[in-house]
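Got the viewer open? Let's take a walk through this one, a stop at a time.

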Amino acid sequence: HTHTHTHPKNKPPTQQTTMAMPKLTVQQVEKATEQYKSGLFDCMDLGCCQCLYGLCCMPCAMATARNKFDTSNWCFNCLCIQSPAVGRSIIREGYHIEGTCLGDMCIGFWCGPCTVCQMMNEVNKRGPIASQQKDSTPQKFHFGACDCCANWGNCCYAAQQPMCAKASIRFEYDGSNFWFNLCCVGLCLARSVVREGYGIEGTWIGDVFWPLCCPICAAQQLLNEVRFRGKVTKSNIIVVQP
């Protein structure tokens, strides 16, 4: 009897079925490396009307700038962005422009109209920001506004130190400066940022109603939610499909 041994190297190659997967191009930006494309005193770049708009009605002009920046609700921005420093910080961080919260506060407080005009110029030159890819199905709050028993520590913190609790909410959500949030960011804006960042269903009317109706309930709900879900990244992720 003759035995033929087939060496493993001599085995006929097996046919493998490969499926072409669509490629996704992901661009991620984390560090603030950009510079302003418009100066602080370039008020006339958009014409005399826009300059007068920023000078005579700063809340409306800043609401317009943020609406063009991230398509957020104009009425909400007009009511809840309490200082030009807040709008400047949001737009600056969104475009990853170099700077600090202290600079946003000083420039916003000392020269509010110039700050507003600069932000309108910046948004017009750069265009709307690319939104982060979110889950298609809206989520719900894990904790209700009246779930005080869910965490007594958060409830007591919100009741006894409402200003610090408000600052802690956004600080623990995205790592933004605690002292800036304490001085400049209102609870309505904090609720809107957290809700939209987590993709939780709701409207700007609820973001205004709950903090005004019961600020302690709103603060403890957001503290519970942020400490349950964890911190988010500030990176802008753009997913481009072929």
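**Stop 1: helix H4**

Begin where H4 starts: here a side-chain oxygen of serine 83 comes to within 3.1 Å of the backbone nitrogen of alanine 85. Keep in mind as you click around that this is a predicted model.

Now select residues 84-94, the whole of H4. Of these 11 residues, 10 are buried, so the helix is largely enclosed by the rest of the structure. The buried set includes Pro84, Ala85, Val86 and Gly87, and both arginines Arg88 and Arg92 are on that list too. Step just past the helix to histidine 96, which has a positive phi of about 60 degrees.

**Stop 2: the cavity**

Next, go looking for empty space. How many cavities of 30 Å³ or more does a search of the whole structure find? Just one, and about 40 Å³ of space lies in it. To see its walls, select Gln50, Thr64, Ala65, Lys68, Met120, Val123 and Asn124. Colour helix H2 (58-70) and helix H6 (112-126) as well, since each supplies at least two residues of that lining. By character, the lining splits into three nonpolar residues, three polar and one charged.

**Stop 3: aromatic pairs**

The structure has six aromatic pairs. Show the rings of phenylalanine 143 and phenylalanine 228: their centres are 5.7 Å apart and their planes sit at 80 degrees, so this pair is edge-to-face. The two come from distant parts of the chain, 85 residues apart, with phenylalanine 143 in the loop between H6 and H7 and phenylalanine 228 in helix H12 (residues 215-229). Is phenylalanine 143 buried or exposed? It's buried, at a relative accessible area of 18%.

Move on to phenylalanine 171 and phenylalanine 178, an edge-to-face pair with 6.3 Å centre to centre and 90 degrees between the planes. Add Trp179 to the selection, and you have a cluster linked by ring pairs. Phenylalanine 171 is partly exposed, with a relative accessible area of 36%.

**Stop 4: arginine 195**

Jump to helix H10 (residues 187-198) and pick out arginine 195. With a relative accessibility of 5%, this arginine counts as buried. Leaving aside residues up to four places away in sequence, which ones does arginine 195 touch? Select Phe141, Ile200, Glu201, Gly202, Thr203, Trp204 and Asp207 to see them.

**Last stop: alanine 159**

Finish in helix H7 (residues 152-160), at alanine 159. This residue counts as partly exposed, at 41% relative accessibility. Draw a C-alpha to C-alpha distance to proline 215: they are 56 residues apart in sequence, and 8.7 Å apart in space.

Conventions. Residues numbered from 1 in each chain as written. Predicted model: local features only at pLDDT ≥ 70, side-chain atom pairs only at ≥ 80, totals over all residues. Heavy atoms only, no water. Buried < 20%, exposed > 50% of the residue type's maximum accessible area, 1.4 Å probe, protein only. Helix = DSSP H or I, 4+ residues; strand = E, 2+ residues; numbered from the N terminus. Polar contact = N/O pair within 3.5 Å; in protein donor to acceptor, adjacent residues only side chain to side chain. Contact = heavy atoms within 4.5 Å. 1 Å grid on protein atoms, 1.4 Å probe; cavity = no way out; pocket = protein on both sides within 12 Å on 5 of 7 lines; lining within 4 Å. Points joined across faces, edges and corners; volume = space filled by probe spheres on them. Nonpolar A, V, L, I, M, F, W, Y, C, P; charged D, E, K, R; others polar. Phe/Tyr/Trp six-rings, centres within 6.5 Å; stacked < 30°, edge-to-face > 60°.
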